[in-house]
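Here's a friendly walk through one protein structure for anyone meeting it for the first time. Have a look at it, then read on for the pockets, the core and the cysteines.

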Amino acid sequence: IVMLKVIEIAFCGYAVTDFARARKFYEGVLGLKPTKVKDFPPDSHWAEYDIGPGTLSIGSAPGWTPSPDGCSVTLEVEDFDAAIAHLRANGVKFRMEPFPTPVCRMAMIFDPDGNTICIHKRNAK
């Protein structure tokens, strides 16, 4: 029997409708640094942001549409309160206001296309 053996997550990808606007948000507001940017003429685009051992990607391509209820990435932040203040100062829309759990604090935000992103901070052990 052949078994599927997953060894890592290659990347998580978000569909975007305006690639330049999306890059401005992911790079300017979220502070991510692109590790790969590629255009695929006539109307597809791709960017990758390596974060630790994983990669977050954004792209636009015919037939690939944004969704607030699709896959979502959770970004671990160094200072949760400062991150939330920064997002509010930049006019980012919140899907779920910050809330605590027994193991973390988190909030859900929208990117400019309505995709959901989780902002997260693990509690100290």
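## The second largest pocket

Let's start with a pocket whose lining is easy to list: F25, V29, N90, G91, V92, K93, F110, D111 and P112 line the second largest pocket. Keep in mind that this is a predicted model. The pocket has a volume of about 210 Å³. Sort its lining by class and you get five nonpolar, two polar and two charged residues.

## The largest pocket

Now for the largest pocket, which holds about 470 Å³ of space. It's lined by 22 residues, and the ones closest to its centre are I51, V73, T74, L75 and E76. By class, the lining splits into 15 nonpolar residues, five polar ones and two charged ones.

Which element gives the most to this lining? That would be β5, with four residues. The elements that each supply at least two lining residues are β4 (54-60), β5 (73-76) and α2 (80-89).

## The nonpolar core

Next up is the largest nonpolar core, with 27 residues. Inside it, the residues with the most contacts are Y26, L30, I58, L87, I109, I117 and I119. Quite a list of elements gives two or more residues to this core: on the helix side α1 (19-29) and α2, and on the strand side β1 (12-15), β3 (44-51), β4, β5, β7 (104-110) and β8 (116-122). The biggest giver is α1, with five residues.

I119 is a good residue to zoom in on. Leaving aside residues up to four places away in sequence, I119 touches L75, V77, F80, A83, I84, L87, R105, M106, A107 and I109. One of these, L87, is also on the list of residues with the most contacts inside the core.

## The cysteines

How many disulfides does a search of the whole structure find? Zero. Take C12: its closest cysteine sulfur is the one in C71, 3.6 Å away, and a disulfide needs the two sulfurs within 2.5 Å, so that pair is too far apart for a bond. C118 is in no disulfide either, as the nearest cysteine sulfur, that of C104, is 7.2 Å away.

Are C12 and C118 buried or exposed? A residue counts as buried when its relative accessible area is under 20%. C12 has a value of 13%, so C12 is buried. C118 comes in at 2% relative accessibility, so C118 counts as buried too.

Definitions and conventions: Residues are numbered from 1 along each chain as its sequence is written. This is a predicted model: local features need pLDDT of at least 70, side-chain atom pairs count only at pLDDT 80 or more; totals for chains, interfaces and linings use all residues. Side-chain values use heavy atoms; hydrogens and water are left out. Buried means under 20% relative accessible area, exposed over 50%, partly exposed in between (1.4 Å probe, protein chains only). On a 1 Å grid over the protein atoms alone, a cavity is a set of points where a 1.4 Å probe fits but cannot get out, and a pocket is an open set with protein on both sides within 12 Å along at least five of seven lines; lining residues have an atom within 4 Å of a point. Grid points are joined across faces, edges and corners, and a volume is the space filled by probe spheres set on the points. Ala, Val, Leu, Ile, Met, Phe, Trp, Tyr, Cys and Pro count as nonpolar, Asp, Glu, Lys and Arg as charged, and the others, Gly among them, as polar. A nonpolar core is a set of buried Ala, Val, Leu, Ile, Met, Phe, Trp, Tyr and Cys residues joined through side-chain atoms within 4.5 Å. Contact means heavy atoms within 4.5 Å.
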